[in-house]
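Biologist: I would like to learn how to read a fold from its coordinates. Could you walk me through one?

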Amino acid sequence: MKQFNVVMLPGLLCDAAVFSRQVDALADAGGITVADLTAGTSIDAMASDVVARAPKGRFVLVGMSMGGYVALEIMRRAPERVSALALIGCRADPDTAAQTARRESLIARAAHSYPRVIESLMSSMMLPENTGTPEVGSAFQSMANSLGVEVFVRQERAIMGRQDSRPVLAGIRCPTLLIAGQQDLIAPPETQREMAAAIPGARLALIERCGHLATLEQPDQVAVILRNWLAELAHADAERA
């Protein structure tokens with residue numbers, strides 16, 4: 001397979017472990033970087049940092065959930081750096097008033113009951129049967145506890161302040177892949193179909209028995225989808241050469 005530089009952007013309270021199975025599966029596809037999105041105080045700041053730290057030249061951008069918001073901001077400000085785009089469980093629209101109110105409530109609770117906040121997040125992020133599994137529930141809890149309350153608050157406020165990325169979609173010109181769970185409550189299938197229709201030539205892959213944390217809930221399926229997509233991109237590049 002042609003070698004790609006791949007930059008992966010994790011979601012809320014997630015670190016590189018959220019992509020561990022996909023990184024292993026794509027090891028021969030080129031250089032893979034998982035960005036650290038824990039320090040930025042806004043989606044804009046995170047996007048600037050990712051672009052500044054990315055490998056020279058163009059790269060394949062893979063954004064999951066909050067990382068997808070960052071990816072869309074990169075498409076707004078530096079589309080020439082991105083050779084292909086994959087969005088996993090990502091929405092383009094901004095928060096509603098109700099969503100912002102829920103985030104504010106979680107921030108207030110996190111100061112004195114962070115474990116309960118993690119449990120609340122898990123109830124919306126994953127299928128109920130996955131909350132008690134080591135591969136999904138325990139993996140997310142481990143990342144969330146390791147990153148801590150301050151990172152949670154920073155990331156939630158960044159998410160609340162993000163721009164509406166729907167106007168960006170029609171201008172995306174690189175190959176684009178959308179991946180989401182059929183049972184995703186945060187980025188449900190209808191939002192994914194709307195995004196796919198708005199992005200020229202975009203492809204949509206919906207995964208059964210999967211909530212919002214697709215890379216943990218159905219890691220092998222996500223890995224196969226990404227690997228096959230990169231192989232197709234490599235083949236298309238070879239034909240153009």
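Modeller: Below we talk through the sheet, a helix pair, and then the empty spaces. Keep in mind that this is a predicted model.

Biologist: Gladly. Let us begin with the sheet: how many strands form it, and in what order?

Modeller: When reading a sheet, list the strands by their place in it, then look at the sense of pairing. Here 6 strands make an open sheet with parallel pairing, and the order is S2-S1-S3-S4-S5-S6.

Biologist: Which strands stand at the edges?

Modeller: Those are S2 and strand S6, residues 203-207. Each has a single partner strand, so one side of each is left without a neighbour in the sheet. As for the twist, it averages 15 degrees from one strand to the next.

Biologist: Can we look at individual strand pairs? I would like to know how many bridges join S3 to S4.

Modeller: A pair is described by its sense and its bridges. S3 and S4 run parallel and are joined by 6 bridges. To find this pair on screen, pick Val60, whose bridge partner in S4 is Ala84. Another pair is strand S1 (residues 4-9) with strand S2 (residues 30-34), which is parallel too and has 5 bridges. There, Val7 stands opposite Thr33 in S2.

Biologist: What do S1, helix H1 and S2 make together?

Modeller: With two parallel strands, follow the chain from one to the other and ask for the hand of the crossover. S1, helix H1 (residues 20-25) and S2 form a β-α-β unit, and its hand is right.

Biologist: Now for helices. How should I describe two that pack together?

Modeller: Packed helices are described by the angle between their axes and the distance between those axes. Take helix H4 (residues 97-125) and helix H5 (residues 134-160): their axes come within 10 Å and cross at roughly 145 degrees. The crossing of H4 and H5 is right-handed. Sorted by class, the residues in the contact of H4 with H5 are 16 nonpolar, 5 polar and 4 charged.

Biologist: That leaves the empty spaces. What volume does the largest pocket have, and which element gives the most to its lining?

Modeller: For a pocket, read the volume, then the lining, then the residue classes. The largest pocket has a volume of about 340 Å³. Its lining counts 21 residues, and Gln99, Arg102, Arg103, Ser124 and Ile186 are the ones nearest the centre. H3, H4 and H5 each supply at least two lining residues, and H4 gives the most, with 7 residues. By class, the lining of the largest pocket has 10 nonpolar, 4 polar and 7 charged residues.

Biologist: And where does the lining of the second largest pocket come from?

Modeller: Its space is about 230 Å³. Of the 14 residues that line the second largest pocket, Lys2, Phe4, Arg58, Ser83 and Asp237 lie nearest its centre. The elements that contribute two or more residues are S1, strand S3 (59-64), strand S4 (82-88) and helix H9 (219-240). H9 gives the most, with 4 residues. The classes in this second lining are 7 nonpolar, 3 polar and 4 charged.

Biologist: How many cavities of 30 Å³ or more does a search of the whole structure find?

Modeller: The search finds 1. The largest cavity has a volume of about 50 Å³. Ile43, Asp44, Tyr69, Leu72, Glu73, Arg76, Arg162, Gln163 and Ser165 line this cavity. Helix H2 (43-53) and helix H3 (66-77) are the elements giving two or more residues to the lining, and the largest share, 4 residues, comes from H3.

Biologist: How do the residues of that lining divide by class?

Modeller: The lining of the largest cavity has 3 nonpolar, 2 polar and 4 charged residues.

Conventions
Residues numbered from 1 in each chain as written. Predicted model: local features only at pLDDT ≥ 70, side-chain atom pairs only at ≥ 80, totals over all residues. Heavy atoms only, no water. Axes fitted to C-alpha atoms, helices over the stretch in contact; angles between N-to-C directions. Left-handed = near helix turned anticlockwise from the far one by under 90°. Nonpolar A, V, L, I, M, F, W, Y, C, P; charged D, E, K, R; others polar. 1 Å grid on protein atoms, 1.4 Å probe; cavity = no way out; pocket = protein on both sides within 12 Å on 5 of 7 lines; lining within 4 Å. Points joined across faces, edges and corners; volume = space filled by probe spheres on them. Pairing = 2+ DSSP bridges. Right-handed = clockwise from strand over helix to strand, strands pointing away.
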